[in-house]
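This report is for a reader who has not met the structure before. It starts from the whole chain and ends at single residues.

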Amino acid sequence: MRIVFFGPNGSGKGTQAERIKNALQIPHISTGDLLRAAVKAATPLGLKAKEVMAAGQLVSDEMVLGMLEDRLREPDARKGFILDGYPRNLAQCTALEALLARLNQPLDVAIKLDVPDSAILARCELRFKTEHRPDDDPAIVRKRLDIYREQTAPVAEHFEQIGKLRHVDGVGDVDEVSRRIFAALPLQSNTEVAR
Ligand code: AP5
């Protein structure tokens with residue numbers, strides 16, 4: 001199963017991808033996590049990305065695509081994957097479709113977590129207090145939401161047009177949201193789920 005998790009910052013993509021990956025036995029590939037690891041390791045890519053991420057802006061398409069392609073070529077991604085945080089604009093969407101065509105791994109479904117801004121702001125504020133992620137500063141969260149609306153939301157329209165988008169209500173208990181996601185996945189049978 002090849003899945004894109006889609007939705008605004010703080011909508012629960014990472015939380016839910018970690019749960020679904022265990023059930024489907026496929027890797028969770030988060031471009032945000034890959035970039036944060038590069039920042040922490042102070043790699044050349046991480047050094048370039050650090051300020052951009054702290055300001056809530058998008059890292060350049062070229063840098064993220066190269067990093068993603070390397071990850072998708074690893075053996076564990078051959079049986080499927082959950083992509084979280086990519087694509088984030090229409091150029092990345094086009095690049096992803098071309099890359100997946102080259103890898104002969106077409107996407108099965110895009111799951112969009114619907115969460116209102118008020119809940120996003122509350123979640124990120126809480127995380128800012130506990131984890132101190134620089135881009136969870138409330139002013140930066142608002143900027144990230146603006147970028148989501150301007151650049152990322154059109155990608156959902158594209159997935160809708162090609163019949164691959166599934167909307168999932170992302171508000172409520174984490175277990176309940178996971179159940180909604182399972183119900184939205186195009187699973188052939190329960191044997192795909194190692195629960
Ligand atoms: P990235 O890490 O992708 O951040 P994001 O998409 O903005 O997502 P978040 O991690 O904030 O939220 P999430 O939806 O994963 O929710 P989570 O599960 O964490 O990207 C960070 C930055 O990297 C970008 O701004 C950009 O600079 C760069 N970047 C990444 N990808 C890029 C790309 N493709 N191109 C260019 N730049 C890129 O949950 C959030 C919080 O809510 C948590 O505390 C969680 O515990 C809580 N929570 C989760 N579910 C629930 C629930 N049901 N009820 C209550 N609380 C909940």
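The sections below describe the overall fold, the surface and charges, the domains, and four residues.

## Overall fold

The model is predicted. The protein contains 8 helices and 5 strands. Read from the N terminus, these elements follow the order β-α-β-α-α-α-β-α-β-α-α-β-α. The radius of gyration is 16 Å, close to the 16 Å that the globule rule gives for 195 residues, so the protein is as compact as a globular protein of that length.

The C-alpha trace spans about 45 × 35 × 30 Å along its principal axes. Contacts that reach far along the chain make up much of the total: where the two residues are at least 6 apart in sequence, 73% of the contacts join residues at least 24 apart.

## Surface and charges

Of the 195 residues, 44% count as buried. The accessible surface of the protein is about 9800 Å², and 53% of this surface belongs to carbon and sulfur atoms.

The side chains include 28 positive and 28 negative ones. The centres of these two sets lie 3 Å apart.

## Two domains

The protein is divided into two domains. Domain 1 is made of residues 2-27 and 79-192, while domain 2 covers residues 30-73. Between the C-alpha centres of domain 1 and domain 2 there are 18 Å. How many residues of each domain are in contact with the other? On the side of domain 1 there are 24 residues, and on the side of domain 2 there are 17.

## Asn89, in a loop

Asn89 sits in the loop between strand 3 (81-84) and helix 5 (90-102). Is Asn89 buried or exposed? The relative accessibility of Asn89 is 11%, and residues under 20% count as buried, so Asn89 counts as buried.

Leaving out residues up to four places away in sequence, Asn89 touches Leu58, Asp61, Gln151 and Val155. Ala37 is 52 residues from Asn89 along the chain, and their C-alpha atoms are separated by 22 Å.

## Arg144 and Arg133

Arg144 is part of helix 7, which covers residues 138-161. Arg133 is found in the loop between helix 6 (117-131) and helix 7. Arg144 counts as buried because its relative accessibility is 11%. Arg133 is buried too, with a relative accessible area of 16%.

These two arginines touch one another. With neighbours within four places in sequence set aside, Arg144 is in contact with Asn9, Gly56, Arg133, Asp135 and Asp136. For Arg133, with residues up to four places away not counted, the contacts are Arg36, Arg127, Phe128 and Arg144. The C-alpha atoms of Arg144 and Phe159 are 21 Å apart, with their positions 15 residues apart along the chain.

## Val141, in helix 7

Val141 also lies in helix 7. Its relative accessible area is 1%, so Val141 is buried.

Which residues does Val141 contact, leaving aside neighbours within four places in sequence? They are Asn9, Ile120, Leu121, Cys124, Asp135 and Asp136. One of them, Ile120, is 21 residues from Val141 in sequence, and the C-alpha atoms of the two lie 8.4 Å apart. Asn9, Asp135 and Asp136 appear among the contacts of Val141 and also among those of Arg144.

Key. Residues are numbered from 1 along each chain as its sequence is written. This is a predicted model: local features need pLDDT of at least 70, side-chain atom pairs count only at pLDDT 80 or more; totals for chains, interfaces and linings use all residues. Side-chain values use heavy atoms; hydrogens and water are left out. Helices (H or I, at least four residues) and strands (E, at least two) are DSSP runs, numbered from the N terminus. The radius of gyration is taken over C-alpha atoms; the globule rule is 2.2 Å times the number of residues to the power 0.38. Buried means under 20% relative accessible area, exposed over 50%, partly exposed in between (1.4 Å probe, protein chains only). Contact means heavy atoms within 4.5 Å. Accessible areas come from the Shrake-Rupley method with a 1.4 Å probe; for residues, only the protein chains shown count as cover. Lys and Arg count as positive and Asp and Glu as negative; His and the chain ends are not counted. The place of a charge is taken as NZ of Lys, CZ of Arg, CG of Asp or CD of Glu. Domain bounds come from an automatic or database domain assignment.
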